Amino acid sequence: QVQLEQSGGGLVQAGGSLTLSCTASGRILSVNDVGWFRQTPGKQREWVASIRSGGGTNYGESVKGRFAISRDNAKNTVYLQMNSLKLEDTGVYYCNADIREFGRRGVYWGQGTQVTVSS
C-alpha cells in the first residue's frame, strides 16, 4: 500500500526558514507530479508549489521567490524549502502526489504538518 509521509515543519520566527519533506513508500513504479498545499482555519486549501516528474516547477504568487520545491527521485522524496517566512505562511502543509503503482495509478495526500510563523 502506498503512503506519503511528511516531515519537517514546526515553529519559526518571521524571516526564518524551514524545510518540509514528503516521502512516498510502498510498491511504487514512479512518483509523477507532486504538489504542496496549505490550509489555514476558515480558508480553502491553497496550492503552494508543484514539481513535475521531469523537474519543472511552478509556484503560487504568494510564495514565488521565497520557496523552492525540489525532488530526489532515488529516494521518492520531494522537498519544500521555505525561506523568508511570513506570518501568513502559517498553516497545515500537505503534499499531494500522483503515483504509478503496479497495476494502477493513484493520487495520495500526506498526513499534513503544521508550520507556525511567529513575530
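**Figure 1. Asn 76 in the loop between β7 and β8.** Asn 76 lies in the loop that runs between β7 (67–72) and β8. The model shown here and in the following views is predicted. Phi of Asn 76 is positive, at about 50°, although the residue is not a glycine. Most residues other than glycine have a negative phi. Asn 76 counts as partly exposed because its relative accessibility is 27%, between the limits of 20% and 50%.

**Figure 2. Ser 84 in the loop between β8 and β9.** Ser 84 is found in the loop between β8 and β9. Its phi is near 50°. That is a positive value in a residue other than glycine. The relative accessible area of Ser 84 is 42%, so the residue is partly exposed.

**Figure 3. Asp 89, a buried residue of the loop between β8 and β9.** Asp 89 is placed in the loop between β8 (77–82) and β9 (91–101). Its relative accessibility is 0%, so Asp 89 counts as buried. The side chain of Asp 89 reaches the backbone nitrogen of Lys 86 at 2.7 Å. Neighbours within four places in sequence are left aside for the contacts that follow. Asp 89 is in contact with Arg 38, Arg 66 and Phe 67. Asp 89 also contacts Ser 84, Val 115 and Val 117. Among these partners, Ser 84 has the positive phi shown in Figure 2.

**Figure 4. The open sheet β1-β3-β8-β7.** This open sheet has 4 strands, in the order β1-β3-β8-β7. Pairing is antiparallel. β1 (3–8) and β7 are the edge strands, and each pairs on one side only. From one strand to the next, the twist averages 15°. Strands of a sheet pair through backbone hydrogen bonds.

**Figure 5. The pairing of β3 with β8.** Strand β3 spans residues 18–25. It pairs with β8 in the antiparallel sense, over 6 bridges. Thr 23 stands opposite Thr 77 in β8.

**Figure 6. The largest nonpolar core.** The largest nonpolar core holds 29 residues. Which of them touch the most other members? They are Trp 36, Leu 80, Met 82, Tyr 93 and Ile 99. Several strands each supply at least two residues of this core. They are β3, β4 (28–39), β5 (46–51), β7, β8, β9 and β11 (113–118). Nonpolar side chains tend to be buried together in soluble globular proteins. Of the strands in the open sheet of Figure 4, β3, β7 and β8 are among those that supply this core.

Terms used: Residues are numbered from 1 along each chain as its sequence is written. This is a predicted model: local features need pLDDT of at least 70, side-chain atom pairs count only at pLDDT 80 or more; totals for chains, interfaces and linings use all residues. Side-chain values use heavy atoms; hydrogens and water are left out. Buried means under 20% relative accessible area, exposed over 50%, partly exposed in between (1.4 Å probe, protein chains only). A polar contact is a pair of N or O atoms within 3.5 Å; within protein, one must be able to donate a hydrogen and the other to accept it, and residues adjacent in sequence count only if both atoms are side-chain atoms. Contact means heavy atoms within 4.5 Å. Two strands pair if DSSP finds at least two bridges between them. Axes are lines fitted to C-alpha atoms, for helices over the stretch in contact, and angles run from 0 to 180 degrees between N-to-C directions. A nonpolar core is a set of buried Ala, Val, Leu, Ile, Met, Phe, Trp, Tyr and Cys residues joined through side-chain atoms within 4.5 Å.
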